[in-house]
Amino acid sequence: MTYELKYKPFGECSVLIEWPAVIDESILLDILKFKENIVKKNIKGIVELNSSYCSLLVVYDFNHWGFETLLAALKKRYKQHRDNVKISIRQWKIPVCYDNAFAIDLDMISREKSLSKESIIQLHSETIYTVYFIGFLPGFMYLGGLHKDLYVPRKETPRLTVKKGAVAIGGEQTGVYPNESPGGWNIIGNSPIDFFNVESKTPCFARAGDKISFKPISYKEYTNIKALVEAGVYQLESEVIRG
Amino acid sequence: MYTTIQDLGRHGYQEFGVPYSGAMDMYSAKVANALLGNEVHEAVMEITMSGPTLEFHCDTCICISGAQMSPMLNTLDIGMNRPVRVKRGDVLSFGKLSTGFRSYLALLGGFKTDMFMESRSMYQGITAQRVLLKHDELPTESVSKDFIERHATIKVKNTHFTSSYLEVFKGVEFDKLSARQQKVLFTTAFSISKENNRMAYQLAEPLKNSLEPIITSFVLPGTVQLTPSGTLIILMRDCQTTGGYPRVLQLKESSINILSQKFTGHMIRFKLVE
């Protein structure tokens with residue numbers, strides 16, 4: 001299926017392409033296919049291509065393209081794109097320690113939701129989440145799929161510092177803080193792995209479209225994995241689920 | 001003191017959530033580099049509001065552009081927007097800020113601090129350092145003996161510092177504003193709140209707002225966001241890559257430069273260009 005897309009100028013050298021304003025996996029896939037189709041064609045003068053929930057940002061070199069001519073070229077590409085484009089998808093198993101040492105908001109959520117801590121951990125870790133895109137902070141994954149029993153409003157006053165690796169719930173979303181930063185989400189655990197590596201050619205292991213699941217680990221396992229990560233020898237579990 | 005190393009910024013890493021960064025006032029940074037015959041991408045020192053005292057460990061040539069902070073080499077006024085020869089042991093200092101907010105110090109061949117993701121622009125979590133600190137030593141290339149001193153000068157337009165008009169395009173969600181809100185945007189003199197930094201400038205006067213947040217989408221330096229409480233936020237070079245507030249206006253690149261030279265209490269007006 002194709003969507004009715006809107007093409008808008010954004011700044012002096014970008015086009016924002018908008019899909020219907022819905023968070024939906026078939027829209028994500030359509031965006032990623034369109035993106036891949038542009039990448040594959042290796043169109044000169046396109047500097048950057050980024051996808052989010054329902055939009056694709058095309059940054060172009062204005063020495064190479066006028067807005068209108070680029071628009072025509074993109075529209076043509078969208079008509080032609082479709083089933084010949086393959087998106088490969090990987091599923092990543094992320095270790096998370098839900099121990100009290102990290103899960104500073106778990107008691108509060110348990111009280112407010114009338115759910116045992118064990119049920120919260122189970123609901124959070126048995127879901128397979130979709131990575132919609134990476135944004136906000138370096139390495140921050142926007143994940144879709146949080147169980148609706150776990151929706152918890154963001155804190156009215158954000159904490160000044162949230163630890164690196166904090167696994168948290170904010171409204172209808174869940175995510176992991178890739179680095180220490182201020183934050184208003186409710187913290188239910190911590191992952192010992194790195195979500196952003198500035199020195200690497202692939203700074204983030206997951207890409208838009210990939211799947212994520214959280215695997216509960218004990219505090220002892222957490223310390224072990226952390227040591228392996230710091231030594232640079234930890235291998236994150238993953239499998240190709242669509243090639 | 002808030003002094004950093006900046007260049008043209010990090011491009012091509014937005015898909016990992018990495019901000020563009022780069023000199024807030026690209027225009028002044030480019031002028032400083034150009035007067036030394038440097039490549040446009042060489043890193044410069046961005047000096048905000050008040051300047052550091054710097055001692056040179058080698059002979060080189062410098063040029064200062066942007067905000068006027070009365071730079072002195074040892075005890076001599078050296079002026080702005082012209083190359084100045086410096087010798088090992090010379091001390092550069094800055095005086096009182098009189099025009100603008102950010103000054104740019106370029107050095108022959110540029111500052112050679114470590115590159116991360118193809119840029120030297122300092123940003124927390126990307127570069128080893130977020131800002132420059134007392135006693136830091138900064139690497140540069142030594143200047144060859146046969147370097148020919150340039151005598152280029154340039155007269156920078158004063159309007160770069162005095163103009164209160166920011167030229168803008170309609171933002172992605174502009175059409176969702178009511179006719180009244182649109183009118184208010186273009187007829188109000190807004191003042192810059194104390195919340196102004198490399199990430200964003202907030203405006204003190206709210207715009208009555210009833211727009212719903214949007215599904216998180218892209219923002220750029222120069223994007224003007226409208227929060228549910230009616231605060232207008234102008235995103236700057238270190239802004240995050242995505243956001244959920246409606247994007248009502250988009251500053252022209254040249255207006256981002258102009259705004260970078262303003263601070264708390266300064267007035268601005270938006271002027272729509274097509």
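Is B:K87 buried or exposed? The first close-up takes up that residue, and the others move on through this predicted model.

**Figure 1. B:K87 sits in a loop of chain B.** Welcome to the first view, which answers the opening question: with a relative accessible area of 54%, B:K87 is exposed. The loop that holds B:K87 runs between β7 (84-86) and β8 (91-93) of chain B. Leaving aside residues up to four places away in sequence, B:K87 touches B:F56, B:C58 and B:D59. Take B:F56 as one of these partners: B:F56 and B:K87 are 31 residues apart in sequence, yet their C-alpha atoms are 7.0 Å apart in space.

**Figure 2. B:N38 is a buried loop residue between α1 and β2 of chain B.** Here the loop joins α1 (26-36) to β2 (44-48), and B:N38 has a relative accessibility of 12%, so it counts as buried. Its contacts, not counting residues up to four places away in sequence, are B:N33, B:A106, B:L107, B:L108, B:G109 and B:G110. Two of these partners are worth a closer look. A polar atom of the B:N38 side chain lies 2.8 Å from the backbone oxygen of B:L107. The side chain of B:N38 also reaches the backbone nitrogen of B:G109, again at 2.8 Å. For a sense of scale, B:G230 is 192 residues from B:N38 in sequence and 44 Å from it in space, C-alpha to C-alpha.

**Figure 3. B:Q225 is a buried residue in a strand of chain B.** The strand in this view is β14, which covers residues 223-226. B:Q225 counts as buried because its relative accessibility is 7%. Who are its neighbours? Not counting residues up to four places away in sequence, B:Q225 touches B:V219, B:T231, B:L232, B:I233, B:L235, B:G243, B:Y245 and B:P246.

**Figure 4. Chain A meets chain B through 34 residues of chain A and 32 residues of chain B.** The area buried between the two chains is about 2500 Å², and carbon and sulfur atoms give 65% of it. There is 1 salt bridge between the chains. That salt bridge pairs A:E18 with B:R247, and the closest N and O atoms are 3.8 Å apart. Polar contact links 8 residue pairs across chain A and chain B, with both residues at pLDDT 80 or more. On the side of chain A that touches chain B, at least two residues come from each of β1 (6-10), β2 (14-18), β3 (46-51), β4 (55-60) and β6 (129-134) of chain A. Of these, β4(A) gives the most, with 4 residues. Sorted by class, this side of chain A has 20 nonpolar, 8 polar and 6 charged residues.

**Figure 5. Two cysteines of chain A, A:C13 and A:C204, are shown without a disulfide partner.** Over all chains, the structure holds 0 disulfides. Why is A:C13 unpaired with B:C239? The sulfur of B:C239 is the closest cysteine sulfur to that of A:C13, but at 13 Å it is too far for a bond. A:C13 is partly exposed, with a relative accessible area of 23%. For A:C204, which is in no disulfide, the nearest cysteine sulfur is that of B:C239, 17 Å away. A:C204 counts as buried, at 4% relative accessibility.

Key. Residues numbered from 1 in each chain as written. Chains lettered and ligands numbered in written order. Predicted model: local features only at pLDDT ≥ 70, side-chain atom pairs only at ≥ 80, totals over all residues. Heavy atoms only, no water. Contact = heavy atoms within 4.5 Å. Buried area = accessible area lost by both parts, 1.4 Å probe. Salt bridge = Lys/Arg side-chain N within 4 Å of Asp/Glu carboxyl O. Polar contact = N/O pair within 3.5 Å; in protein donor to acceptor, adjacent residues only side chain to side chain. Nonpolar A, V, L, I, M, F, W, Y, C, P; charged D, E, K, R; others polar. Disulfide = S-S within 2.5 Å. Buried < 20%, exposed > 50% of the residue type's maximum accessible area, 1.4 Å probe, protein only.
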